[in-house]
Structure formats: C-alpha cells, structure tokens
Amino acid sequence: MLKLENISWNTPNGVEVLKGLDLEVPDSKLVVITGPNGGGKTTLAKIIAGIYKQDSGRILLDDIDITEKNITERAKLGISFAFQQPVRFKGITVKKLVELASGNKMNDGDLCDILSKVGLCAREYINREVDSTLSGGEIKRIEIATVLARKTKVTVFDEPEAGIDLWSFSSLINVFKEMRKDLKGTMIIISHQERILSIADEIVIVADGKIKSKGPAETMMKELLNEKGISNVCSKQEVLL
Amino acid sequence: MEKQTEALLREISEWNGEFKGAYNIRENGQCAGRVSSKNIKITNKEGKPGLEIRIAPGTIGETVSIPACVTHGGVDDLVYNDFYVGENADVTIIAGCGIHTETGEPARHNGIHRFILGKNSKVKYLEKHIGTGHGTGLRSIDPVTEAELGENSVLEMDTAQIGGVDRTERQTKAIVGEGAKLLIRERILTEKDQTAKTEFEVELNGKNSGVDLISRSVAKDNSRQGYHSVIIGNAPCTGHSECDAIISENGKVDAAPELHAHDNDAALIHEAAIGKIAGEQILKLCTLGMTEQEAESTIIDGFLS
C-alpha cells in the first residue's frame with residue numbers, strides 16, 4: 001500500500017499547492033486522481049515519484065518510509081512514473097529505452113509483447129530513435145511501454161491524455177482498458193477524462209491542495225457528473241505546477 | 001606486426017586476426033601487410049607516401065580496409081591515399097586510425113584521402129579514430145578528405161572519434177555531381193583538455209545533387225570543439241546540415257554553419273542545437289532506476305551511437 005501523510009508543498013515563490021494532504025492507495029487497484037486545474041494533481045504525482053520533494057509529511061510504500069528517498073531509490077523500490085510530456089532522446093532507440101526500463105536485454109518476442117500492449121508493432125518501432133520524428137501519440141505509447149516494462153508495484157501516469165489528438169486519445173483509452181483487464185500492481189492515473197475515470201476502481205478528487213473526496217468509481221462518477229463541467233475540462237488548459 | 005598495432009586494429013576496424021577482402025595495414029609509417037583482390041588493387045603512390053586503391057567497375061559487396069596505427073611517441077606520419085571507384089561499384093571502405101603513446105613525445109597521423117567516385121557507384125566509408133596509452137605526449141589525428149562524386153553516385157561517410165585523441169583538425173571537401181548524394185555522419189567526443197576542429201565544404205554542382213551532413217559532438221571537462229560547415233548550392237539541389245552538441249562541465253563548442261544558395265532551385269537547411277543534457281532526460285532515466293551519473297553516460301552513449 002502507498003500511504004501519504006500530511007503532505008505539503010509550496011512553489012519556490014511560496015504559493016501553497018499541497019496543504020497537508022493525506023491519501024491511502026490500496027494494492028492492485030486502478031485509482032484515478034482528478035480535480036480542477038491548479039488543484040495539485042500533477043504536483044502530487046511528482047511527489048510520489050520523488051521528482052518534487054515535499055516540504056513536510058511522510059510517504060510509506062508497503063510500510064517502508066520512502067520520504068527521504070530520491071527518484072532513483074524510489075524507482076528501485078517499485079515506483080514507476082509516466083511523464084505527461086514524454087522526453088525525447090536523440091540516438092536512443094525504442095528498443096534501447098524499453099530495455100533500459102526493464103533492466104534486461106530483450107529479444108524481438110519480448111519487445112513485441114510490451115509494444116503490442118500499447119498498440120505498436122515492434123517491427124516498425126524497435127529501431128526507431130525516440131526523437132522528434134515520433135508523433136505525440138507514438139511517444140505517449142512508448143512512454144507507457146517503458147513503465148509497463150518495469151512491472152513495478154506502483155505506476156503513476158500523469159495526464160496521459162495531454163498533448164495528443166482525439167484520434168490518438170481514442171485508441172489510448174483502449175490501451176488503458178487492456179491494461180485494466182490484466183492489472184498487476186497499483187495504477188494511479190492523473191486525468192480529467194471521463195473515459196479514463198470510467199475504468200477506475202477508485203476515484204480521488206484533489207482540489208485546493210487537499211483530498212476533496214474519494215470513493216468507489218461508481219459513486220464518485222455520479223458526484224462528478226453532477227458537478228458542472230469537470231469531465232469537459234480541456235486538458236490543454238491544465239496549469240502545470 | 002607489433003602487439004600494440006593488433007590492439008589498435010581491433011578497436012578501429014573489424015580486424016579479428018585477419019581482414020575480410022583487400023587491405024593495407026600502415027604501422028608507424030610503414031606497410032605491415034597488404035593484400036589486393038581481383039577487383040580491388042592496392043599499389044604504392046608515386047612521388048608521395050601513400051596508396052592508390054583502384055576498385056574495378058561493377059565490383060559489388062567487397063570491402064577494402066586501410067587502417068593506420070602509430071604505436072609510440074616521436075612519430076609524425078603523413079599519408080596520401082587515393083581511391084578510384086569504378087562505375088556501378090558498390091563497396092565498403094574501412095579506414096580508421098589508432099595512436100598510442102606511453103611517453104612524453106607527441107604522436108601524429110595526418111591522413112589525406114581522396115575519393116573519385118565513378119558514375120552510379122556507391123561507397124560506404126567507415127572511419128574510427130582513437131588514442132590510447134598513458135604517455136603525456138600529445139596524440140593528434142588530422143584527417144583531410146576530398147571527394148568528387150560522379151553522376152548518380154552515393155558516398156556515405158560514417159566517422160567517429162570517441163576519446164583519447166588530444167588534438168584534431170578535420171577537413172572534408174566534396175564536389176557533388178548530377179544526381180549524386182553525399183551522406184555524412186560524424187561523431188566526436190572530447191574530454192580533459194582535448195580540442196577538435198571540424199570543417200566541411202560541400203559544393204552541390206550537379207542537378208538533383210544532395211548532401212545530408214549530421215554532426216554530433218560531446219565536449220566534456222575543459223575540452224573545446226569547433227564546427228564549421230559550408231554548403232554551396234550551385235544547381236537545383238538539396239542540402240541539409242545538422243550540428244548537435246552536448247556540453248558538460250567546462251566544455252565549449254563553437255558552431256558556424258554557412259549555407260550559400262547560388263541557384264534559384266537550391267533548397268538548403270541547417271539545424272543546430274548546443275546545450276547541456278536536458279534535465280528532463282536525466283529525470284526520465286532516474287525514474288527507470290538509474291543514478292544521475294548512469295543517466296548522463298547513457299544519454300551521451302546514445303547520442304554518439
């Protein structure tokens with residue numbers, strides 16, 4: 001179980017973003033964290049991965065205190081993070097990046113298993129460089145493939161819908177649906193999208209730096225749909241903190 | 001052949017006790033072995049140190065290797081190698097140079113290569129430069145390449161200098177004929193107090209000629225690199241150059257690309273990017289379980305691969 005206790009974080013110029021947030025994420029569940037722009041969702045995701053360091057509070061992973069662990073140590077303990085805006089690398093191929101993620105050399109069959117889960121044909125992609133020749137949709141899928149290859153206890157996806165066109169998003173939803181069927185470990189997805197919310201086990205609403213409410217997806221969906229326009233928020237308007 | 005030459009050959013060429021195809025091994029300015037094939041004749045150049053390599057028209061799939069090794073300090077080797085590639089030939093040329101010194105004396109190799117490509121010929125040119133040994137003597141490699149590309153010929157140059165060479169001045173000049181294509185991929189890594197200077201001058205003289213010049217460099221520690229490219233479009237042609245450099249610690253890179261369109265249908269593009277490794281790249285690899293140092297080294301290895 002991933003447990004966050006009384007987490008606070010301020011921007012370098014002193015704006016309070018997370019204000020004593022508490023959250024428990026149970027094992028083997030798909031948890032979607034949603035809420036209004038600027039509420040602290042991406043900050044929360046980055047604090048879990050160790051990319052941002054909390055100003056106060058504690059983080060426990062399976063009762064191990066990881067509060068002071070850095071990104072590398074958390075990754076080794078079993079936390080993966082899929083970036084909202086995946087990074088590109090000149091000269092590093094898709095094959096190499098997936099191998100770096102898995103920690104092992106992979107044959108074509110292994111690569112095909114991973115890449116087919118994100119809807120890519122290994123033959124067409126393994127020798128391509130992870131550079132600007134890949135489209136927004138392609139780079140998102142490769143980013144997801146890198147976290148899948150790690151097979152960790154906890155995987156955090158920061159707004160997978162951001163920065164891709166509607167057609168790519170539509171097929172990306174299918175990728176998450178397939179991953180949902182074969183869920184190993186805990187998935188935490190930061191998202192505004194109703195179609196991602198609809199495949200969650202649990203939904204957590206973060207607003208104004210705290211957990212506003214949380215519960216089983218069915219109950220929470222009703223609550224959300226009653227609130228004006230949350231599922232219609234344009235992801236491109238998201239304010240990164 | 002010296003043991004040290006064998007060690008260098010393994011690094012700079014595909015030598016594993018023997019060469020595939022025709023070859024000439026240059027060791028401290030002398031010939032340490034030569035074999036010609038039916039289609040590829042290697043002879044001494046008249047009047048100057050070096051070789052004439054004549055590749056018969058229609059030679060397909062053959063390889064010729066011409067490595068040069070300097071195994072100790074106090075050597076200043078100068079060599080002129082001319083390649084005449086017959087029409088419709090399709091061959092691989094493996095060059096490369098290794099410099100080793102264990103003393104305070106400098107060691108230098110200056111290879112001047114001239115390529116004359118016949119109509120419809122295709123050449124893949126592979127060149128790897130390294131410096132080894134613990135001596136304080138400067139290891140210098142100063143290659144000069146001149147190429148004339150005949151009608152519809154293709155010259156693909158893949159050159160790499162990954163460490164150990166203290167001083168380099170590279171000059172590459174090419175005249176590209178009708179329908180011919182020149183593809184250059186250069187990688188240079190400098191560290192400590194090393195310097196590397198690379199100059200390109202490509203004249204696109206033939207209709208539908210083209211050049212694609214990609215240079216990637218990494219300047220670490222106190223090293224310095226200079227890049228200068230000149231592409232001149234004298235005909236309807238396409239030219240693309242790309243200079244990407246990563247700097248770390250006190251590394252410095254000077255880049256000066258020039259494009260000259262002297263024909264209304266010349267389409268020339270240059271792209272350049274110099275900077276340190278992007279923080280996001282390090283972060284991404286750390287989220288995969290690497291330390292910052294491992295991430296940096298992985299990014300540089302990939303960039304120069």
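This is a short chat about how to read a predicted model with chains A and B.

Reader: Before I trust anything, what average pLDDT does chain A have?

Author: That's the predictor's confidence in each residue, from 0 to 100. Chain A averages 89, and 94% of the residues score at least 70.

Reader: Where in chain A does pLDDT stay under 50?

Author: Look at residues 230–241 of chain A. The model has 25 contacts beyond four places in sequence for that stretch.

Reader: Okay, on to burial. Is helix 1 of chain A enclosed or open?

Author: The idea is to count neighbours: a residue is buried if 20 or more other C-beta atoms lie within 10 Å of its own. In helix 1 (residues 41–49) of chain A, nine of the nine residues are buried, so the helix is largely enclosed by the rest of the structure. Lys41(A) and Lys46(A) are among the buried ones, along with residues including Leu44(A) and Ile47(A). Just after this helix, Gly50(A) takes a positive phi of about 90 degrees.

Reader: Which residues are in contact with Ile71(A), leaving aside its neighbours within four places in sequence?

Author: Ile71(A) sits in helix 2 (residues 71–77) of chain A. It counts as buried because 27 other C-beta atoms lie within 10 Å. On the chain A side, Ile71(A) is in contact with Ala49(A), Gly50(A) and Ile51(A). From chain B, its contacts are Leu283(B), Cys286(B) and Thr287(B). For a longer view, the C-alpha atoms of Ile71(A) and Gly136(A) are separated by 25 Å, and the two are 65 residues apart along the chain.

Reader: So how many residues does each chain give to the contact?

Author: Chain B gives 18 residues and chain A gives 20. On the chain B side, the elements that give two or more residues are helix 2 (279–287) and helix 3 (292–303) of chain B. Helix 2 of chain B has the largest share, with seven residues. Sort that side by class and you get eight nonpolar, seven polar and three charged residues.

Reader: Let's do sheets. In what order do the strands of the open sheet in chain A lie?

Author: When you read a sheet, go across it strand by strand and check how neighbours run. Here four strands lie in the order 2-1-4-5, with antiparallel pairing. Strand 2 (16–25) and strand 5 (64–65) of chain A each have a single partner strand, so one side of each is left without a neighbour in the sheet. Two bridges join strand 4 (residues 56–61) to strand 5 of chain A. In that region, Leu60(A) stands opposite Asp65(A) in strand 5.

Reader: And in chain B, do strand 14 and strand 16 run parallel or antiparallel?

Author: Parallel: nine bridges join strand 14 (residues 154–162) to strand 16 (residues 181–190) of chain B. Gln161(B) stands opposite Ile188(B) in strand 16. Strand 16 is also joined by 10 bridges to strand 18 (residues 209–219) of chain B, again running parallel. There, Leu189(B) has Val218(B) in strand 18 as its bridge partner.

Reader: How many helices and strands are there in chain B?

Author: Three helices and 22 strands. For overall shape, you can compare the radius of gyration with a rule for globules. A compact globule of 305 residues would have a radius near 19 Å, and chain B has 20 Å, which agrees. Its C-alpha trace spans about 55 × 55 × 35 Å along the principal axes. Of its residues, 46% count as buried.

Reader: Which residues have the most contacts inside the largest nonpolar core?

Author: Leu97(A), Ala145(A) and Val156(A), in a core of 87 residues. Helix 6 (residues 136–150) of chain A supplies the largest share of this core, seven residues. Beyond its neighbours within four places in sequence, Ala145(A) is in contact with Val98(A), Ile114(A), Leu115(A) and Val118(A). Another core, of 53 residues, lies apart from that one, and Phe19(B) and Tyr23(B) are among its members.

Reader: Last one: what is phi of Asn120(B) near?

Author: Most residues other than glycine have a negative phi. Asn120(B) has a positive value, near 60 degrees. You'll find Asn120(B) in the loop between strand 10 (107–117) and strand 11 (122–132) of chain B. Lys192(B) also has a positive phi, about 50 degrees, without being a glycine. Lys192(B) lies in the loop between strand 16 and strand 17 (195–204) of chain B. With 11 other C-beta atoms within 10 Å, Lys192(B) is exposed, while Asn120(B) counts as partly exposed, with 19 C-beta neighbours inside 10 Å.

Key:
Residues numbered from 1 in each chain as written. Chains lettered and ligands numbered in written order. Predicted model: local features only at pLDDT ≥ 70, side-chain atom pairs only at ≥ 80, totals over all residues. Buried ≥ 20, exposed ≤ 12 C-beta atoms within 10 Å, placed from the backbone. Contact = placed C-beta atoms within 7 Å. Nonpolar A, V, L, I, M, F, W, Y, C, P; charged D, E, K, R; others polar. Pairing = 2+ DSSP bridges. Core = buried A, V, L, I, M, F, W, Y, C linked by C-beta atoms within 7 Å. Rg over C-alpha atoms; globule rule 2.2 N^0.38 Å.
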